[in-house]
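This report describes the architecture of one protein chain and the surroundings of its ligand. The account begins with a strand pair and then widens to the sheet, the core, the ligand shell and the chain as a whole.

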Amino acid sequence: MKIKPVHIVVDGPCPNKCPFCISKMNSLNNVLSVDDVNEKDVLKRMMFARQNGFNVLCLTGTGEPLCRDSLATTTNLLLLNNQLKEEMRFNWVEVQTSGACSDGRVVDELMRLKVSVVGISVADPFDDANNAEIMKAPEKNQFELSGLCRSLKGKCITRLIINLTENVFAEKKPSHLLKRAEELGIDQITIRKLLYDRSSDSYHNKWVRENAQCNDIFADWQEFVQENGDPIFICSNGNIAYDINGFTIMLDDPGSRAVPDKAEREIGTLIIRENGRCYTRWDYEGSVLF
Ligand code: SF4
């Protein structure tokens, strides 16, 4: 079996203003207005993905898929999936959030809609105040990571997605993060090196260049997982999942993913974007399929 994800972009604003925001780096130029996108457009593409062997439905956002303005869309997409015939339905359903709006009511709603994995994307998993500071979260959207993990525990798989920054990880070793993961009771950890464009001087690119190159920190992690982990499986993007002390750990360096012959021989990811159309790459609008 291959793990083949289809990402659906839930269009909507995000209350945070992360200086490393990947969504802003990969926003579309020719976005249709939300009114032009209807459920039939999205459903058609979800079924296309399913018919072509894609087996993971991942709801992510140009903003925050669980905040007020996008939660209705997230709910509708999950309902659409649940209404599909069993053989067409995605059973592995993942929602990625910054945690900004995920209170107990939202968690209950996700579980009712049969979400199986919740990915919480943070900059500082050790200190909520510093996490809010880096992600520039307004006071009303700040949250307690341990509380959110507690409310999810036992109901679904919880993945902590760490956006690596010098500020947090210059002093923290892999062993510190594993201890913290144990305290939080999460199941999986993704360590993500932040992506930037060397040729651009935009605010985001400059910030990542100055605060989050993290080459040495990422290299320490690579050494750590190779020495202490057992490789379990390879994802469609080439990342290897390791088991360490019962945690699934994945290192993600989007800038160094191998692309055979530049173009892909086999499409490993599908993205249904905020205009309702289907793409194979986040970074190329020319990857649109239909
Ligand atoms: S939480 Fe995500 S979408 Fe929101 S600003 Fe940060 S990176 Fe961008």
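In this predicted model, strand β5, residues 157-163, runs parallel to strand β6, residues 188-192, and the two are joined over five bridges. Within this pair, N163 lies opposite R192 of β6. Strands of a sheet pair through backbone hydrogen bonds, in either a parallel or an antiparallel sense.

The pair belongs to an open sheet of eleven strands with mixed pairing, ordered β7-β8-β9-β6-β5-β4-β3-β2-β1-β10-β11. Strands β7 (230-234) and β11 occupy the edges; each has a single partner strand, so one side of each is left without a neighbour in the sheet.

The segment after β11 (278-279) contains V288. How is V288 classed, with 16 other C-beta atoms within 10 Å? V288 is partly exposed, because a residue counts as buried at 20 or more such atoms and as exposed at 12 or fewer. Beyond its neighbours within four places in sequence, V288 contacts R277 and Y279. The C-alpha atoms of V288 and R277 are 7.1 Å apart, although eleven residues separate the two in sequence.

Turning to the interior, the largest nonpolar core comprises 71 residues, and V6, I8, L57, L164 and I272 have the most contacts inside it. In soluble globular proteins, nonpolar side chains tend to be buried together. If residues up to four places away in sequence are not counted, I272 touches V6, I8, V9, V42, R45, M46 and C278. Two of the residues touched by I272, V6 and I8, are thus themselves among those with the most contacts inside the core.

Which residues surround the ligand? The shell consists of C14, N16, K17, C18, C21, I22, S23, G61, G63, E64, S98 and M135. By class, five of these residues are nonpolar, five are polar and two are charged.

The table collects values for the whole protein chain.

| Property | Value |
|---|---|
| Radius of gyration | 18 Å |
| Globule rule for 290 residues | 19 Å |
| Span of the C-alpha trace along the principal axes | about 50 × 45 × 40 Å |
| Residues that count as buried | 38% of 290 residues |

The protein chain has ten helices and eleven strands. Its radius of gyration is close to the value from the globule rule, so the chain is as compact as a globular protein of that length. Among contacts with a separation of 6 or more, 74% come from residues 24 or more positions apart.

Conventions
Residues are numbered from 1 along each chain as its sequence is written. This is a predicted model: local features need pLDDT of at least 70, side-chain atom pairs count only at pLDDT 80 or more; totals for chains, interfaces and linings use all residues. Helices (H or I, at least four residues) and strands (E, at least two) are DSSP runs, numbered from the N terminus. The radius of gyration is taken over C-alpha atoms; the globule rule is 2.2 Å times the number of residues to the power 0.38. Two residues are in contact if their C-beta atoms, placed from the backbone, lie within 7 Å. A residue is near a molecule or strand if its C-beta atom, placed from the backbone, lies within 6 Å of it. Ala, Val, Leu, Ile, Met, Phe, Trp, Tyr, Cys and Pro count as nonpolar, Asp, Glu, Lys and Arg as charged, and the others, Gly among them, as polar. A nonpolar core is a set of buried Ala, Val, Leu, Ile, Met, Phe, Trp, Tyr and Cys residues joined through C-beta atoms within 7 Å. Two strands pair if DSSP finds at least two bridges between them.
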